[in-house]
Amino acid sequence: MTLSSEYALRALIFLAQHENRWPIPGREIARSAKIPAKYLQKILGDLVRAGVLDASPGKTGGFRLRRPPEKTALCDVLAPFERFDLRRCPFGNAVCSDANPCRAHEHWKKVVETEQRFLKEMTIGDVAEPSPVAGTRPRRRGKSPARKGT
């Protein structure tokens, strides 16, 4: 994954976590997500052109997601910065393809397909939610479990 992709994800996670404050200025996103401001401006511009973000100019302007976070797939966020359609052999075999596979082709193809499925199914909303604390189990909704011996 490119550095631009990582920064795009960090910026959009910040936007998703602060949806109630939209539009948010680029400088604030950069400062909060710890991304160089000039680099982020280019990334945000690419995301506006790709239809992922909306931008509002002026003093009270800034950026907002064009769709709700739970409807913004990770593949849409990464598309301006990654080439998912290229299927070059990562092992240097210039003629590797489905018709002429190298020894690792079928295994690598499964890795790529799994990655693509993940990026299509996961959304910014999914990854923007706080993670549970390590070593704890998420609470179940509904009835509390019955205690033994009581």
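## Getting started

When two axes cross, angles under 35 degrees count as roughly parallel, over 145 as roughly antiparallel, 65 to 115 as roughly perpendicular, and the rest as oblique. You will meet two such crossings below. This is a predicted model, where local features need pLDDT of at least 70, side-chain atom pairs count only at pLDDT 80 or more, and totals for chains, interfaces and linings use all residues. Residues are numbered from 1 along each chain as its sequence is written, and side-chain values use heavy atoms, with hydrogens and water left out.

## The overall plan

Let us take the whole chain to begin with. Six helices and two strands make up its elements (DSSP runs numbered from the N terminus, with at least four residues of type H or I for a helix and at least two of type E for a strand). Starting at the N terminus, you can follow them in the order α-α-α-β-β-α-α-α.

The chain has 150 residues, and 34% of them count as buried (under 20% relative accessible area, while exposed means over 50% and partly exposed lies in between, with a 1.4 Å probe and protein chains only). Look also at the contacts (heavy atoms within 4.5 Å) with a separation of 6 or more: 61% of these come from residues 24 or more positions apart.

## Helix H1 and its partners

Which residues form the contact between H1 and H3? Helix H1 covers residues 3-17 and helix H3 covers residues 37-49; their axes come within 10 Å and cross at roughly 80° (the axes are lines fitted to C-alpha atoms, for helices over the stretch in contact, with angles from 0 to 180 degrees between N-to-C directions). H1 is therefore roughly perpendicular to H3. On the H1 side, the contact uses Leu3, Ser4, Tyr7, Ala8, Ala11 and Leu12, and on the H3 side Tyr39, Leu40, Ile43, Leu44 and Leu47. Ten of these residues are nonpolar, one is polar and none is charged (nonpolar covers Ala, Val, Leu, Ile, Met, Phe, Trp, Tyr, Cys and Pro; charged covers Asp, Glu, Lys and Arg; the others, Gly among them, are polar).

H1 also meets helix H2, residues 26-33, with axes that come within 10 Å and cross at roughly 105°. This pair, too, is therefore roughly perpendicular. Here Arg10, Ala11, Phe14 and Leu15 of H1 touch Glu28, Ile29, Ser32 and Ala33 of H2. The mix is five nonpolar, one polar and two charged residues. Notice that Ala11 of H1 takes part in the contact with H3 and in the contact with H2.

## Around helix H2

Which residues of H2 are buried? They are Gly26, Glu28, Ile29, Ala30 and Ala33. Their cover includes H1, H3 and strand E2 (62-65).

The loops on either side of H2 hold two backbone features worth finding. Most residues other than glycine have a negative phi, and most peptide bonds are trans. In the loop between H1 and H2 you will find proline 23, joined to tryptophan 22 by a cis peptide bond with omega of about -10°. In the loop between H2 and H3 sits lysine 34, which has a positive phi of about 55° although it is not a glycine. With a relative accessible area of 66%, lysine 34 is exposed.

## Two buried glycines

Is glycine 62 buried or exposed? Glycine 62 belongs to strand E2 and is buried, its relative accessible area being 5%. Its C-alpha atom is 4.5 Å from that of isoleucine 24, although the two residues are 38 apart along the chain. Beyond its neighbours within four places in sequence, glycine 62 is in contact with Pro23, Ile24, Pro25, Asp54, Ala55 and Ser56. Proline 23, from the cis peptide bond, is thus among the contacts of glycine 62.

Glycine 45 lies in helix H3 and is buried as well, at 16% relative accessible area. Its C-alpha atom is separated by 9.9 Å from that of phenylalanine 63, 18 residues along the chain.

## The cysteines

How many disulfides does the structure have? A search of the whole structure finds zero (a disulfide is a pair of cysteine sulfur atoms within 2.5 Å). For cysteine 89, the closest cysteine sulfur is in cysteine 102, 3.8 Å away, and that is too far for a bond. Cysteine 89 counts as buried because its relative accessibility is 13%. Cysteine 75 counts as buried at 18%.
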